[in-house]
Amino acid sequence: MERFKKIYSQGTIHVVEIWVDTETGINYVFHKDGYAGGFTPLLDKDGKPVVTQ
């Protein structure tokens with residue numbers, strides 16, 4: 001079983017994706033622009049991680 005599952009994707013050069021950790025339910029944002037990229041937890045308005053049940 002894959003630990004992370006992609007649930008949203010937008011763009012080809014400027015990529016934004018949302019991934020869910022299947023073990024914890026925490027959502028992550030992945031952003032890629034050219035050769036640079038980053039992966040970080042998606043936070044709600046209170047600064048807490050967004051969790052998918």
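In the next few minutes I will walk through the chain as a whole, then its two hairpins, and then three residues that I would like you to find on the screen.

Please keep in mind throughout that what you are looking at is a predicted model.

Let me start with the overall picture. The protein chain has four strands and zero helices, so that, read from the N terminus, the order of its elements is simply β-β-β-β. Taken along the principal axes, the C-alpha atoms fill a box of roughly 30 × 30 × 15 Å. Of the 53 residues in the protein chain, 13% count as buried, and the surface that the chain exposes comes to about 4200 Å², with carbon and sulfur atoms supplying 57% of that area. Among the contacts with a separation of 6 or more, 14% are made by residues 24 or more positions apart. As for charge, the protein chain carries 6 positive and 7 negative charges, and the mean positions of the two sets are 3 Å apart.

Now to the hairpins, beginning at the N-terminal end. Strand 1, which covers residues 4-10, runs antiparallel to strand 2, and six bridges join the two. Within this pairing, Lys-6 stands opposite Trp-19 of strand 2. Three residues lie between strand 1 and strand 2 in the hairpin, and in that turn Gly-11 has a positive phi of about 95 degrees.

The other hairpin is built from strand 3, residues 27-33, and strand 4, residues 36-41, which are likewise antiparallel and joined by six bridges. Here Val-29 has Thr-40 of strand 4 as its bridge partner. Two residues separate the strands in this hairpin, where Gly-34 takes a positive phi near 70 degrees.

With that frame in place, let me turn to single residues. The one I would look at to begin with is Glu-17, which sits in strand 2, residues 14-21. Is the residue Glu-17 buried or exposed? Its relative accessibility is 10%, and because buried means under 20%, Glu-17 counts as buried. As to what surrounds this acidic side chain, there is a polar contact of 2.9 Å between the side chains of Glu-17 and Trp-19. Setting aside neighbours within four places in sequence, Glu-17 is in contact with Lys-6, Tyr-8 and Ser-9, and also with Tyr-28, Val-29 and Phe-30.

Asn-27, in strand 3, is another polar residue that counts as buried, in this case at 4% relative accessibility. A polar atom of the Asn-27 side chain lies 3.3 Å from the backbone oxygen of Gly-25. Which residues does Asn-27 touch, if we do not count those up to four places away in sequence? They are Ile-7, Ile-18, Trp-19, Val-20, Pro-41, Leu-42, Val-50, Val-51 and Thr-52.

For contrast, I will finish with Glu-2, which is found in the segment before strand 1. With a relative accessible area of 64%, Glu-2 is exposed, because the cut-off for that word is over 50%. If you want a sense of distance across the model, Glu-2 and Ala-36 are 34 residues apart in sequence, and their C-alpha atoms are 24 Å apart in space.

To bring the two glutamates together on one slide, then, Glu-17 in strand 2 counts as buried, whereas Glu-2 is exposed.

Key
Residues are numbered from 1 along each chain as its sequence is written. This is a predicted model: local features need pLDDT of at least 70, side-chain atom pairs count only at pLDDT 80 or more; totals for chains, interfaces and linings use all residues. Side-chain values use heavy atoms; hydrogens and water are left out. Buried means under 20% relative accessible area, exposed over 50%, partly exposed in between (1.4 Å probe, protein chains only). A polar contact is a pair of N or O atoms within 3.5 Å; within protein, one must be able to donate a hydrogen and the other to accept it, and residues adjacent in sequence count only if both atoms are side-chain atoms. Contact means heavy atoms within 4.5 Å. Accessible areas come from the Shrake-Rupley method with a 1.4 Å probe; for residues, only the protein chains shown count as cover. Lys and Arg count as positive and Asp and Glu as negative; His and the chain ends are not counted. The place of a charge is taken as NZ of Lys, CZ of Arg, CG of Asp or CD of Glu. Two strands pair if DSSP finds at least two bridges between them.
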